[in-house]
Amino acid sequence: MSVPSPAATFAARLVDELSRLGVRHAVVAPGSRSQALALALAELEARGGITVHVCIDERDAGFLALGLAVESGVPALVVTTSGTAVANLLPAVAEASHSGVPMIVLSADRPAALRGTGSNQTTWQPGMFGRFVRLEHDVAAPDASGMPDPVTLAAAAHAAAVGADGTVGATGTDPGPVHLNLQFSEPLSGELLSDLPVRPALASSSPRASAARPAVEVRSSLHLARGPRTVVIAGHGAGEGAAALAASAGWPLLAEVSSGSRFGPDLVVAYRELLSDAEFGGRVERAVVFGHPTLSRQVPALLARPDVEVVVVRGAGEPVVPRPDVVVVDAVGTDPFDRSDREARAWLGSWVFASRALVDAADDDIASVGEVEAGTWDLADRRDYAKGELAALRAPITRRTLGLAVWRASWPHDRLLLGASRLIRELDAAAPGKRIPVHANRGLAGIDGTVSTAMGIALASQSADARGVGVTRVLLGDLALLHDAGGLLVPRGERRPRVQVIVGNDGGGTIFDGLEVAASADPGAFDRLMYTPHDVDLASLAAAYGWQHQRVPGRGALDQALASPPPGLSLLEVPLSR
């Protein structure tokens, strides 16, 4: 028999209000203390007010919510029970904080009186996320005497998550995660009460403003004179503003592959090599930075130079502040590119043409053998051409050819997520300009949660009300896959979007082969502690989770597999040499 439940009443009103404010997705991990929230969300979903996703692993649930928010642009809810369940959200919360991704954590908790008493599954959940949350409230348990005001709580959480002033639909400059720690007393679920009094929700709780960012003076706007030799640097999440500024001013565009700015005639693909060259990087006088550059050592070295003026255009996520004298602005403008200015044209042209020459030279091994003779009618030439084409199709796949094949196969209606591995760096060094949606967890550049993030992106982009209807591809290394193997699990009854996981399998962490440790460590210790070799059968792993598996031995099979991915969930294994 159902009993009246203040917990259920409060939970229902809170999630209803969050839905009214625009929240569209919620990720629920199973648990007893959170049952009121889970059941309220299920009922709200039945009324068409939200889409619920179930995930048994809280760490994966956090990254699934991250992916949903990255793609949709609005906060996703993630619901957990008490204890270690909440602690498992920390990696995703930290990534969301540094990347400026909105997220609302609803953690169920025991009543505060049980903390420190040894009560089962009870710990100090308030403050668990430290400085990574934009706002935190430890909310007292509803009871027969009343409940915390759900309207006030929802409004405060939503406004802080989107970084706005509380206006519905507004987005500010500091979006990120929010934590509502919700104490619940028994009965944890049951009949809703229509006359439960409402008491102030925020007066008895402890707001926690985020200190994730250093204090910097921010100007609203800045007009940049065209004189100094300038480059536009677009790091992760820069968006189209970086490309627009480069095009307007006629400055070289140094755009990382996950910047959202990697397109246009001003793009400099081989920016690392040129930044290391005294005739190019050595002559830079000013750098305008968008987003969060993380994929090279040359860019931080440039920004650290005292002779280079650095202007940082603030966006979502943590701003790049390499020196105290950096100027941080919300918007920049400049005079339009004067094409009669010979010096300005020479500056831009030298970067673009030098980059093209470097990329062409590096890609000679990728070009098909005998391509020039393909149109001849000479029988011997045609035979040589055919042999060359066959050899190219059978050639071993390198990291660069793998990345470029994935890049070529992806289009604006698709989504591409790049894991933290050697592959994203190889692609960044060679990918031509292309206006496609690219994601990556570069706030902290960890390998954790990559598969789960991709699942969230896929679920949001392939939902009934979304424009994207393509495939979500995720390109990652074998260790990143194994680190998030639990993300392959889709519980029975949950939606299975179209996702293609492309794994470059080199049997361990070869990214360390290119770092200082490879030369300084004992080879045996290096292999055991850094490379961490494994013998996991990825076909069996895929089968265990119900994913289709295909192993491709050469370029021809790779291009075909990428061009026609199967429906549903598939894992494409690409063997790579160490």
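**Exercise 1. Describe the lining of the largest cavity by residue class, and then state which residues and elements supply it.**

Solution. In this predicted model, the lining of the largest cavity is made up of 8 nonpolar, 4 polar and 3 charged residues. The space inside the largest cavity comes to about 160 Å³, and of its 15 lining residues, Val54, Leu64, Met455, Leu489 and Val490 are the closest to the centre. Turning to the secondary structure, strand S2 (51-54), helix H3 (58-72) and helix H14 (450-461) each contribute at least two lining residues, with H14 giving the most, namely 3 residues. As for the wider setting, the structure holds 3 cavities of 30 Å³ or more.

**Exercise 2. Determine which parts of the chain the salt bridge of arginine 134 and aspartate 174 ties together, and classify both residues by accessibility.**

Solution. Begin with the contact itself, in which the side chains of arginine 134 and aspartate 174 meet in a salt bridge at 3.1 Å, N to O. Next, place the two partners: arginine 134 belongs to the loop between strand S4 (103-109) and strand S5 (135-139), and aspartate 174 to the loop between helix H6 (150-162) and strand S7 (177-183), so the pair ties together parts that are 40 residues apart in sequence. Finally, compare the accessibilities with the cut-off of under 20% for buried: arginine 134, at 8% relative accessibility, counts as buried, whereas aspartate 174, at 27%, counts as partly exposed.

**Exercise 3. Carry out the same analysis for the salt bridge of aspartate 330 with arginine 314.**

Solution. The closest N and O atoms of aspartate 330 and arginine 314 are 3.0 Å apart. Because aspartate 330 lies in the loop between strand S15 (327-329) and strand S16 (332-334), while arginine 314 lies in the loop between strand S14 (309-313) and S15, the pair ties together parts that are 16 residues apart in sequence. Aspartate 330 is partly exposed at a relative accessible area of 31%, and arginine 314 is partly exposed at 24%.

**Exercise 4. Locate the helices joined by the salt bridge of arginine 408 and aspartate 559, and set this pair beside the count of salt bridges.**

Solution. Arginine 408 and aspartate 559 form a salt bridge whose closest N and O atoms are 3.5 Å apart. Arginine 408 is in helix H12 (residues 399-409) and aspartate 559 in helix H19 (residues 555-563), so this pair ties together parts that are 151 residues apart in sequence. Both are partly exposed, arginine 408 with a relative accessible area of 46% and aspartate 559 with 34%. The count comes to 23 salt bridges, and a network of salt bridges links Asp16, Glu43 and Arg47.

Key:
Residues are numbered from 1 along each chain as its sequence is written. This is a predicted model: local features need pLDDT of at least 70, side-chain atom pairs count only at pLDDT 80 or more; totals for chains, interfaces and linings use all residues. Side-chain values use heavy atoms; hydrogens and water are left out. A salt bridge is a side-chain nitrogen of Lys or Arg within 4 Å of a carboxyl oxygen of Asp or Glu. Helices (H or I, at least four residues) and strands (E, at least two) are DSSP runs, numbered from the N terminus. Buried means under 20% relative accessible area, exposed over 50%, partly exposed in between (1.4 Å probe, protein chains only). On a 1 Å grid over the protein atoms alone, a cavity is a set of points where a 1.4 Å probe fits but cannot get out, and a pocket is an open set with protein on both sides within 12 Å along at least five of seven lines; lining residues have an atom within 4 Å of a point. Grid points are joined across faces, edges and corners, and a volume is the space filled by probe spheres set on the points. Ala, Val, Leu, Ile, Met, Phe, Trp, Tyr, Cys and Pro count as nonpolar, Asp, Glu, Lys and Arg as charged, and the others, Gly among them, as polar.
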